[in-house]
Amino acid sequence: MKNLSYLILFLLLSPFLVNGQLLSDKNEFSRKDSLRGQLTPLRTCYDVTYYHLDVDINIPKRSIAGSNLIKFKTIQDFNRIQIDLFDNMAIDKILYRGKQLKYTREFNAVFIDFPTQIKANTLDSILVYFSGTPHQANRAPWDGGFDWKKDSNNKPWVASANQGIGASLWWPNKDHQSDEPDSVLISVTVPKELMNVSNGRLRNTESIGKKKTKFNWFVSNPINNYNIAINIGDYVHFQDSFNGEKGKLDIDYYVLRENIERAKPHFEANVKPMLKAFEYWFGPYPFYEDSFKLIETSHLGMEHQSGIAYGNRFLNGYLGRDGSGTGWGLKWDFIIIHEAGHEWFGNNITASDIADMWIHESFTNYSEALYIDYYFGKKAGQEYIHGNRRAIQNKTPIQGQYHVNNEGSGDMYNKGGVLHNMIRTIIADDDKWRSILRGLNAKFYHQQVDYDDIVNFINQESGLNFNSIFEQYVKTTLIPVLCISETKDGKVQAKWKNTVENFEMPVYIGTADNNLKAINITNNDQTLNIHNLTKENIKIDTFNYYIDIQKN
């Protein structure tokens, strides 16, 4: 979600580079990181099928207490598993078939021992009771945690936001993006005068004594742990619907009572146009069964599946600004468009390892341009992408390191969007490109993917080999340099340098008087067979290509 002026926060957390290469795990990461990020046999031996998260929120004390029922299918025989919960949170007890289990803790990992071996291919469950004061987010959603605020009427306004840092910050679970429960029941108890809004659909409410209400929200689709959210406030609710590719999609809005008159026209102007554009480009909204929701929050926003956190103050742009500097970003609400784009890339298609978070953010950054394209034309969308380049830092790669809960640099947004625009330009067939985007969401529907899954699919469906291009822009910070030179007899040559090994990429080249044509350039000098071409009159598409030019 995080973008533009906040990208520096990502950069501060990213690994350092030496001569274009990442430093070793030994120098950068600890056992704590490995326990959080690695899929050991203690995690792969079971597959989570269902959570029932049941929590009571004590707002004055800023604490929580409750339980999580974890249902799972056993993949291999085991008598020990790992779950995760931050070490500042207490585990009160763990029950298995009515009896307490023994466990040990190391950093944020919890190792649970079973009295007998659990056989493969069986269904089982544990019930984990926990309590504590979760980490407070001082600058949600960038630092992660609970956001304890009050609205203008001095009523509590509370939200959770924990992308990257992890859901185990406040509740016990198998905290790895590779394993999503098939469904979740989220039960949240709050003071009676307030409402809790979470993901999915509201099943019912229960009175808990005279002073509390429990809200039961059910998510019927697979969902990543970091998307599961709590939003507590003096909310009012209004509804709409969208006739989409899979029929009627219910739309729900929850905003502070004081903002309902501002919210209604603003949401009407942004949400259904977004759904129309994104269903065109990406295919049906992936969670019809759970509806689409926007929930007003004091923090800027987060892509919580079927319950998107919204805090852009009912403004167009990014808090009223256009990061691209082109003006196109002021014609729509950035948070609505960007965070909703994650319903397809991030929530429907989820990176197995946080190192590939670039998959989420690059495609979603690019979705902003496709929204502009749908309503204002292709050139407008490409102008927006080009304008976004000014935020690219190029200090560390946009892919992180696997198995240590390490995401890449904040360039995964704008540099990633530039990359996808280049891929589209190279394919040079917008119908095929749209088919690829829709195909990704169909083939990997409700699945977890990695770098190879995305690159191989685009290669297969386009009939082109993009391996070196993705390697260049995703795994390094190197900007390809197109070297233009002349032979003694006046012929113009071109080759790439400052690239990965065996790099090749077609680029549009011509003269000021002729239409540009795509010529595949490699790391070796090749003559450009273009009539009347010279070093002086050569024209190269640097608008849709993120490259440098060097004339020798």
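Biologist: How many helices and strands does the secondary structure of the protein come to?

Modeller: Keep in mind that this is a predicted model. In it, the protein has 12 helices and 31 strands.

Biologist: And what does the radius of gyration tell me about the fold?

Modeller: You hold it against the value for a compact globule with that many residues. For 552 residues that would be near 24 Å, and the protein has 25 Å, so the two agree. If you want extents as well, the C-alpha trace spans about 90 × 55 × 40 Å along its principal axes.

Biologist: What share of the residues counts as buried?

Modeller: Buried means under 20% relative accessible area. By that cut-off, 60% of the 552 residues are buried. On the outside, the protein exposes about 21500 Å², with carbon and sulfur atoms supplying 47% of that area.

Biologist: What part of the contacts links residues 24 or more positions apart?

Modeller: Take the contacts with a separation of 6 or more: residues 24 or more positions apart account for 68% of them.

Biologist: Let's zoom in on a helix pair. At what angle do the axes of helix 7 and helix 11 cross?

Modeller: Helix 7 covers residues 357–376 and helix 11 residues 451–462; their axes come within 9 Å and cross at roughly 45°. Angles of 65 to 115 degrees would count as roughly perpendicular and those under 35 as roughly parallel, so this pair is oblique.

Biologist: Which residues make that contact?

Modeller: Helix 7 brings Trp 358, Ile 359 and Phe 363, while helix 11 brings Tyr 451, Ile 454 and Ile 458. By class, that's six nonpolar residues, with no polar and no charged ones.

Key. Residues numbered from 1 in each chain as written. Predicted model: local features only at pLDDT ≥ 70, side-chain atom pairs only at ≥ 80, totals over all residues. Heavy atoms only, no water. Axes fitted to C-alpha atoms, helices over the stretch in contact; angles between N-to-C directions. Helix = DSSP H or I, 4+ residues; strand = E, 2+ residues; numbered from the N terminus. Parallel < 35°, antiparallel > 145°, perpendicular 65-115°, else oblique. Contact = heavy atoms within 4.5 Å. Nonpolar A, V, L, I, M, F, W, Y, C, P; charged D, E, K, R; others polar. Rg over C-alpha atoms; globule rule 2.2 N^0.38 Å. Buried < 20%, exposed > 50% of the residue type's maximum accessible area, 1.4 Å probe, protein only. Areas by Shrake-Rupley, 256 points an atom, 1.4 Å probe, with all protein chains shown as cover.
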